[in-house]
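The following exercises are to be solved with the sequence and the structure at hand. Each task is followed by a solution in steps.

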Amino acid sequence: MGRKNWLFSQSFAGAQTSDIILSLIETAKRNGLDPEKYLKYLLEKLPNEKDLESNTLEAYLPWQKEVKILCK
């Protein structure tokens, strides 16, 4: 998906950020979710978490039942 898009990154950090966002979008698509709804869900819910440990983040993975219901 990236290919020539990486040429337009202004910095290494910008390229990494693009990679993360594109990975989230593609993972949502592969799990049958609406990518826009999934990103909105993450951006609304994750800032409210007190700690972002692996067991907390697991609840936000695209194959979780609640996520599938809310982001289809």
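**Exercise 1.** Which residue caps the N-terminal end of α2?

*Solution.* The model examined here is a predicted one. Begin at the N-terminal end of α2, where the cap is formed by Asp-34. Next, identify the atoms involved: a side-chain oxygen of Asp-34 lies 3.2 Å from the backbone nitrogen of Glu-36.

**Exercise 2.** Describe the overall make-up of the protein chain.

*Solution.* First, count the elements: the chain has four helices and zero strands. Read from the N terminus, their order is α-α-α-α. Second, consider burial: 19% of the 72 residues count as buried. Third, consider the surface: the accessible area is about 5,800 Å², and carbon and sulfur atoms contribute 55% of that area. Finally, among contacts with a separation of 6 or more, 44% join residues that are 24 or more positions apart.

**Exercise 3.** Determine how the buried and exposed residues are arranged around α2.

*Solution.* Step one is to list the buried residues of α2, namely Pro-35, Tyr-38, Tyr-41 and Leu-42. Step two is to locate them around the axis: they cover an arc of only 125°, and therefore lie on the same side of the helix. A general rule is helpful here: an α-helix has 3.6 residues a turn, so residues three or four places apart point the same way. Step three is to inspect the other side of α2, where Glu-36, Lys-40 and Leu-43 are exposed. Step four is to find the partners: the buried residues of α2 pack against α1 and α4 (65–70).

**Exercise 4.** Which residues form the largest nonpolar core?

*Solution.* The core has eight residues: Ala-28, Leu-33, Tyr-38, Tyr-41, Leu-42, Tyr-60, Val-67 and Cys-71. The largest share of this core, three residues, is supplied by α2. Now examine Tyr-38, setting aside neighbours within four places in sequence: its contacts include Ala-28, Leu-33, Tyr-60, Val-67 and Cys-71. Tyr-38 is also in contact with Leu-24, Leu-61 and Pro-62. As a general observation, nonpolar side chains tend to be buried together in soluble globular proteins.

**Exercise 5.** Is Asn-31 buried or exposed?

*Solution.* First, place the residue: Asn-31 is found in the loop between α1 (12–30) and α2 (35–45). Second, apply the cut-off, by which buried means under 20% relative accessible area. Asn-31 has a relative accessible area of 19% and is therefore buried. Third, leaving aside neighbours within four places in sequence, list the contacts of Asn-31: Pro-62, Trp-63 and Lys-68.

Note on methods:
Residues numbered from 1 in each chain as written. Predicted model: local features only at pLDDT ≥ 70, side-chain atom pairs only at ≥ 80, totals over all residues. Heavy atoms only, no water. Helix = DSSP H or I, 4+ residues; strand = E, 2+ residues; numbered from the N terminus. Buried < 20%, exposed > 50% of the residue type's maximum accessible area, 1.4 Å probe, protein only. Contact = heavy atoms within 4.5 Å. Areas by Shrake-Rupley, 256 points an atom, 1.4 Å probe, with all protein chains shown as cover. Arc of directions from axis to C-beta. Polar contact = N/O pair within 3.5 Å; in protein donor to acceptor, adjacent residues only side chain to side chain. Core = buried A, V, L, I, M, F, W, Y, C linked by side-chain atoms within 4.5 Å.
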